[in-house]
Amino acid sequence: MNHLTPDESSTDTPPLRIAVAGSSGRMGRMLIEAIHQTPGMVLAGALDRPGAPGLGQDATQFLGTPCGIAITDDPVQALGQAQVLIDFTRPEGTLQHLAHCRALGVKMVIGTTGFEPDELARIQAAAQQIAIVMAPNMSVGVNVVLRLLDQAARALSTGFDIEIIEAHHRHKVDAPSGTALRMGQVVADALGRDLEECAVYGREGITGERDPSTIGFATVRGGDIVGDHTVLFAGTGERIEITHKSSSRATYAQGSLRACRFLQDRDSGLFDMFDVLGL
Ligand SMILES: NC(=O)C1=CN([C@@H]2O[C@H](COP(=O)(O)OP(=O)(O)OC[C@H]3O[C@@H](n4cnc5c(N)ncnc54)[C@H](OP(=O)(O)O)[C@@H]3O)[C@@H](O)[C@H]2O)C=CC1
Ligand SMILES: O=C(O)C1=N[C@H](C(=O)O)C[C@H](O)C1
C-alpha cells in the first residue's frame, strides 16, 4: 500500500508527497492510480470541490486498496502534508488552489486548460514564489510534436495553408483544446504571425476564399475520444499532416509525475514540459 507510514523515515530518500485536485475527475483518478503505483511517491492529499459525490471516501478505494487518505473539500487539509499539488480541474478551481498553494508554499503541476490571459498572468505572478509546471498537454509525444511543428512551419512557410483539427470526448468543456491552441501558437511564432490576429475558429456561410495568412482551427466532440490533434499543411499538389493520437490518459499522468520530480529541485519559477523533458 502506498500511503504515509510511520516507518517511511527509515528509507534513504523520503517519498515525494503529492496531493491531487479534482480527485474524482477523469484525470484525478488516473493521477491517483499512477501515484499509488509509483515507488518513491505517496498520495498526501485528495481534494475535490464542495458537493462532489466522493467526499469523505478513501481516495484509492476505487482501486480496491485503500490508502488512508480521504477525499476532502478543504484545501488546507488536502495540502497540509503535500509538497506538490497536481491540478487538472477548471480554471476557477485551479486559481483558488493556486492561492492556497502560494500561501502554504506547495508547488504545483497544472494541467487545466481554458485559461483567459489575465488568469495566466496570475499563475505567472504566483510562480515568483512557488515553482510551477504548467502545460496544456503532459504527454511526451505531444511535446515532441510541438518541436516538429516549429521545424515544419519554418520549412513550409510559403505556399501552404495551415489548419489545426482536434477531436475529444463528449464531456470536454473548452474549445479549441489547450493543445490545439499551443500548436497554433508554435506555428504562428515560427512564421512570425500574431495568433490573435490570424486565427480562424470555425467557418460557416459564404466565407470567401481562404486568406493564406490565417491559421484555421476545427473542433470535433464525441464519444470517448481521448484526444487527437492534426496539423495540416495543405499545399498545391501535396499536403503534410502531423498527427498525434492519445489512446490513454495514462500518458498525461506519467508526464505529470515527471513534472513533480522535476520540481523537487526548484523553489520558484514557471516551467513547461519542454523544461521537464529537456526538449
Ligand atoms: N495538460 C494535460 O495533459 C491534460 C489536460 N486536461 C485538462 O484537465 C482538465 C480536467 O479534465 P478532466 O479530468 O477530463 O475533467 P473532469 O471533469 O473529469 O474532472 C475535473 C475535476 O475537477 C473538479 N472541478 C470542476 N470544477 C471545479 C472547481 N471550480 N473547483 C474545484 N474542482 C473543480 C470536478 O468536480 P465535479 O465533477 O464535481 O465538477 C472534477 O473532479 C481540463 O481542463 C482538461 O482540458 C485533461 C487531460 C490532459
Ligand atoms: O480535456 C481533455 O481530455 C484534454 N485536454 C487537454 C487539452 O485541452 O489540450 C489535453 C488533452 O488533449 C486531453
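Me: The expected span of a helix is 1.5 Å times one less than its number of residues. What span should helix α6 have by that rule, and how far apart are its end C-alpha atoms?

Reply: Before we start, keep in mind that this is a predicted model. Helix α6 covers residues 178-191, and its 14 residues should span 20 Å. Its end C-alpha atoms are 20 Å apart, so the expected span and the model agree.

Me: Which residues of α6 are buried?

Reply: Start with the general idea. An α-helix has 3.6 residues a turn, so residues three or four places apart point the same way. Now for the case here: T179, A180, L181, R182, M183, G184, V186 and V187 of α6 are buried.

Me: Which elements do the buried residues of α6 pack against?

Reply: Two helices are partners, α5 (140-155) and α7 (195-198). The strands they pack against are β7 (161-168), β8 (199-201), β9 (215-221) and β10 (227-234).

Me: What follows α6, and what is its phi?

Reply: G192 comes after the helix, and its phi is positive, near 70°.

Me: Where is P176 found?

Reply: Look in the loop between β7 and α6. P176 is joined to A175 by a cis peptide bond, with omega about -10°.

Me: Now the sheets. In what order do the strands of the sheet with mixed pairing stand?

Reply: Read across this open sheet of 5 strands as β8-β9-β7-β10-β11. β8 and β11 are the edge strands, each pairing on one side only. On average, neighbouring strands here are turned by 15° against each other, direction ignored. Helix α5 packs on this sheet and touches β10 and β11, its direction making about 165° with that of β11.

Me: How many bridges join β10 to β11, and do the strands run parallel or antiparallel?

Reply: There are 8 bridges, and the two strands run antiparallel. To find one pairing by eye, look for L232, which stands opposite E241 in β11. The two strands form a hairpin with 4 residues between them, and G237 in the turn has a positive phi of about 90°.

Me: In which sense do β7 and β9 pair?

Reply: They pair in the parallel sense, over 7 bridges. I164 has F217 in β9 as its bridge partner. β8 and β9 also pair in the parallel sense, over 3 bridges. Here Y201 stands opposite F217 in β9.

Me: How many strands form the sheet that contains β3 and β12, and what is the pairing?

Reply: This open sheet has 7 strands in the order β3-β2-β1-β4-β5-β6-β12, with parallel pairing. β3 (71-72) and β12 (269-271) stand at the edges with a single partner strand each, so one side of each has no neighbour in the sheet. Further in, β4 (residues 84-87) and β5 (residues 107-110) run parallel and are joined by 4 bridges. Among these pairings, L85 has M108 in β5 as its bridge partner. Helix α3 packs on the sheet, touching β1 (16-21), β4 and β5, and its direction makes about 175° with that of β4.

Me: Does I206 count as buried or exposed?

Reply: The general idea is to count neighbours: a residue is exposed if 12 or fewer other C-beta atoms lie within 10 Å of its own. I206 has 4 C-beta neighbours inside 10 Å, so I206 counts as exposed. You will find I206 in the loop between β8 and β9. The C-alpha atoms of I206 and A44 are separated by 55 Å, and the two residues are 162 residues apart along the chain.

Me: Let us finish with the ligands. Which residues come nearest to ligand 1?

Reply: G22, G25, M27, G93 and G111 come nearest, out of 25 residues around ligand 1. Two elements, α1 (26-37) and α3 (91-104), give two or more residues to this shell. The largest share, 3 residues, comes from α1. By class, the shell divides into 7 nonpolar, 12 polar and 6 charged residues.

Me: Which residues are around ligand 2?

Reply: They are T113, P136, N137, H168, K172, S177, G178, T179 and G227. This shell has 1 nonpolar, 7 polar and 1 charged residues. T179 links back to our starting point, since T179 is also one of the buried residues of α6.

How values were computed: Residues are numbered from 1 along each chain as its sequence is written. Chains are lettered from A and ligands numbered from 1 in the order in which they are written. This is a predicted model: local features need pLDDT of at least 70, side-chain atom pairs count only at pLDDT 80 or more; totals for chains, interfaces and linings use all residues. A residue is near a molecule or strand if its C-beta atom, placed from the backbone, lies within 6 Å of it. Ala, Val, Leu, Ile, Met, Phe, Trp, Tyr, Cys and Pro count as nonpolar, Asp, Glu, Lys and Arg as charged, and the others, Gly among them, as polar. A residue is buried if 20 or more other C-beta atoms lie within 10 Å of its own, exposed if 12 or fewer, and partly exposed in between; C-beta atoms are placed from the backbone. Two residues are in contact if their C-beta atoms, placed from the backbone, lie within 7 Å. Two strands pair if DSSP finds at least two bridges between them. Axes are lines fitted to C-alpha atoms, for helices over the stretch in contact, and angles run from 0 to 180 degrees between N-to-C directions.
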